[in-house]
Amino acid sequence: PAGHAGTTAFTATAAAPATATAAAAAAAAGSGDAFVAVIQSAAGAAGQVAAAAGTAAKVGGAAPCLFAYDGRWYLLVSTGAGWSTGPLQLFVSDSSDLCGASWSQLKHATAGPDAGSGFDSSPAFVLSYRFGGPSQGAAGGGCSQPSCLPIYFGDRWNSKGPGSVGNASYVWLPLVPAAGSAGSAALQLLNPGGPWRISDYQQPAPST
């Protein structure tokens, strides 16, 4: 959407997709090739992770976190290094297929107190919380509005001083459509500035 997507776009060099699906693995079980099929499937998934890491390297980011939402892939990275935190960057793909997807940076990726420091955290993972339980999720296990809320989990390594891994904690924050955006693609990591509940961000189902 205008005002939120960056002007710089690039194409990820993704690995080839998995050569075996769950169905293929099941079919191969009778011929003794199930193990090979599982390994091929795992290799495809590893290729996707490697592609995400390569994309993060292209933009100069660390701690890449890849997640899917509303038919697109998102890549969240930190500009910090080592134990240090830094502003977070968020990129969105133009396709549900990671292989060869083009990516654009979202300008207003974070909002709220401590947004400039990445909320004093580095990305760990994003949890797709489905309102009403797993059965309410999108087809194929995807996460989409209004049935799902992506939740950011960030590592806060320095809660008791630099390098204090034993005292590390997590930061949990919601990812919501950016204020003023025309569609859901411009997600924004929001710090409400105080306690929050998942139900605070449950959107009403569209009227029929």
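**Note on the predicted model: core packing, ring pairs and confidence**

1. At 0% relative accessibility, Tyr74 counts as buried, because the cut-off for that class is under 20% relative accessible area. The structure discussed here is a predicted model.

2. Tyr74 has a ring partner in Phe67: the two form a stacked aromatic pair, with 5.3 Å centre to centre and 10° between the planes. Phe67 has a relative accessible area of 4% and is therefore also buried.

3. Both residues recur in the largest nonpolar core, which has 24 residues. Phe67, Tyr74, Leu90, Phe119, Tyr152 and Leu189 are the residues with the most contacts inside this core. Two or more residues each come from strand S2 (62-69), strand S3 (72-78), strand S4 (88-93), strand S8 (148-156), strand S9 (169-177) and strand S10 (187-190).

4. A second core, separate from the one above, is made of seven residues. Trp73, Leu75, Leu98 and Trp103 are among them.

5. Phe119 deserves its own entry. Leaving aside residues up to four places away in sequence, Phe119 touches Thr110, Ala111, Gly112, Pro113 and Asp114, among others. Its contacts also include Leu88, Arg156, Val171, Leu173, Leu189 and Asn191.

6. Seven aromatic pairs are found when the whole structure is searched. Besides the stacked pair of point 2, Tyr129 and Phe131 form an edge-to-face pair, at 5.5 Å centre to centre and 80° between the planes. Phe131 is buried, with a relative accessible area of 9%, whereas Tyr129, with a relative accessible area of 32%, is partly exposed.

7. Some rings are joined into a group. Phe125, Phe153, Tyr170 and Trp172 are linked by ring pairs into a cluster.

8. On confidence, the protein chain has an average pLDDT of 71, and 59% of the residues score at least 70. Among the elements of the chain, strand S6 (residues 110-111) has the highest mean pLDDT, 94, and helix H1 (residues 22-28) the lowest, 39.

9. Two stretches should be listed separately. Residues 1-46 have a pLDDT below 50, and in the model this stretch makes 68 contacts beyond near neighbours in sequence. The pLDDT is also below 50 over residues 135-141, a stretch with eight contacts in the model beyond near neighbours in sequence.

Methods. Residues are numbered from 1 along each chain as its sequence is written. This is a predicted model: local features need pLDDT of at least 70, side-chain atom pairs count only at pLDDT 80 or more; totals for chains, interfaces and linings use all residues. Side-chain values use heavy atoms; hydrogens and water are left out. A nonpolar core is a set of buried Ala, Val, Leu, Ile, Met, Phe, Trp, Tyr and Cys residues joined through side-chain atoms within 4.5 Å. Buried means under 20% relative accessible area, exposed over 50%, partly exposed in between (1.4 Å probe, protein chains only). Helices (H or I, at least four residues) and strands (E, at least two) are DSSP runs, numbered from the N terminus. Contact means heavy atoms within 4.5 Å. Rings of Phe, Tyr and Trp (its six-membered ring) pair if their centres lie within 6.5 Å; planes under 30 degrees apart count as stacked, over 60 as edge-to-face and the rest as tilted. pLDDT is the predictor's confidence in each residue, from 0 to 100.
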